[in-house]
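Please open the model in a viewer and display the side chains as sticks. The tour below proceeds by selection, with a short account of what each stop contains.

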Amino acid sequence: MFFGGDLPRFVPRSTPGGEVQYTLGRRASIKDAIEALGVPHTEIGSLTLNGQWTGFEALLRPGDRVLVLPPLPPVDVSAASVLHPVPAAGLRFLVDVNVAKLARMLRMLGFDALDDPDADDGALAARAAVEQRVVLSKDGGLLKRRSVVWARYLRADHPGEQLREVVRFFGLSRYSTPFSRCLRCNEPLVPVAKADIVHRLLPKTKRYYQDFSRCPRCDRLYWRGSHHAHMQRWLQELCEEPCFGARGRLFSGSTTFSGNSAIAAKTR
Ligand SMILES: [Zn+2]
């Protein structure tokens with residue numbers, strides 16, 4: 001078997017060129033063999049068996065030659081492929097506890113990013129399957145579970161680098177709608193008239209800010225506070241290109257709530 005790209009990192013006994021011999025001890029599919037060698041199936045973008053494109057379930061015979069390649073970014077989980085004939089309904093994330101800070105940062109960019117720190121691997125995998133979520137993790141064992149279909153094993157260790165990795169891998173810059181989602185509970189924010197919440201504002205907030213949005217779940221209020229410009233710069237540096245898609249206008253200075261609402265948050 002030959003592992004391309006950075007996949008040899010998962011295969012301790014491969015040669016520097018990514019080659020490894022796999023001894024067939026029983027009836028084994030390509031997926032079985034690849035995962036026995038250490039590579040979670042979620043990290044694979046394409047497979048060939050003796051030079052022909054194939055899927056995970058093809059059975060191996062002695063002498064077969066398998067080429068295993070990682071996905072080519074940007075990865076579109078909503079597109080069908082040989083390995084994923086049934087695409088995901090949309091781009092939604094499930095963030096494992098070992099990369100927990102990604103959840104809040106992805107929400108900052110407007111993405112649906114759930115986390116569930118109390119769930120075990122089985123519960124996380126089941127939820128990912130039912131809700132068709134992309135799992136983000138540094139747990140190879142979790143990503144080898146059959147019910148986990150889409151995932152990224154994070155190569156980076158630092159949270160900021162992990163976000164950059166996810167943005168690049170899934171091409172998120174095109175789709176982000178920064179500051180449109182509650183950072184605490186992942187709900188999309190809704191615009192709210194200042195007159196309806198003015199009694200909850202501190203005097204300076206009442207005086208200087210006009211546009212507000214609210215989380216329908218936790219009732220937290222958001223507006224363009226003093227942290228807003230700082231966070232814009234941080235996101236811009238992180239993405240290395242404008243962190244907004246067709247629906248977002250993060251750096252436009254717009255004061256509407258069309259996907260670019262305020263970020264400084266206060267509870268009642
Ligand atoms: Zn909320």
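Select Arg133 and Glu131 to begin: in this predicted model, the two residues form a salt bridge whose closest N and O atoms lie 2.6 Å apart. Colouring by accessibility separates the partners. Arg133 is buried, with a relative accessibility of 6%, whereas Glu131 is partly exposed at 23%.

Now extend the selection to Asp112, Asp116 and Arg127. Together with Glu131 and Arg133, these residues are linked in a network of salt bridges. The pair at the first stop therefore belongs to a wider set of charged side chains, since Arg133 and Glu131 are both members of that network, with Arg133 counted as buried because its 6% relative accessibility falls under the 20% limit.

Next, select Lys138 and Asp157. The closest N and O atoms of this salt bridge are 3.2 Å apart. The pair links distant parts of the chain, 19 residues apart: Lys138 is located in the loop between β7 (134-137) and α4 (140-143), and Asp157 in the loop between β8 (151-153) and α5 (159-170). Showing the molecular surface adds the setting of each partner. Lys138 is partly exposed, at 25% relative accessibility, while Asp157 is exposed, at 62%.

Move on to Arg214 and Asp219. Which of these two partners is buried, and which is partly exposed? Asp219 is buried, with a relative accessible area of 16%; Arg214 is partly exposed, with a value of 25%. Their salt bridge has its closest N and O atoms 2.8 Å apart.

Before leaving the charged pairs, one may wish to display every salt bridge in the model; the count comes to 15. Side chains of opposite charge can pair when their charged atoms come close.

For the final stop, select Met108, which lies in helix α2 (residues 101-108). Met108 is buried, with a relative accessible area of 8%. Which residues does Met108 touch, leaving aside those up to four places away in sequence? The contacts are Pro178, Phe179, Leu183, Met231, Trp234 and Leu235. Add Leu235 to the selection and draw a line between the two C-alpha atoms: Met108 and Leu235 are 127 residues apart in sequence, yet 8.9 Å apart in space.

Methods
Residues numbered from 1 in each chain as written. Predicted model: local features only at pLDDT ≥ 70, side-chain atom pairs only at ≥ 80, totals over all residues. Heavy atoms only, no water. Salt bridge = Lys/Arg side-chain N within 4 Å of Asp/Glu carboxyl O. Buried < 20%, exposed > 50% of the residue type's maximum accessible area, 1.4 Å probe, protein only. Helix = DSSP H or I, 4+ residues; strand = E, 2+ residues; numbered from the N terminus. Contact = heavy atoms within 4.5 Å.
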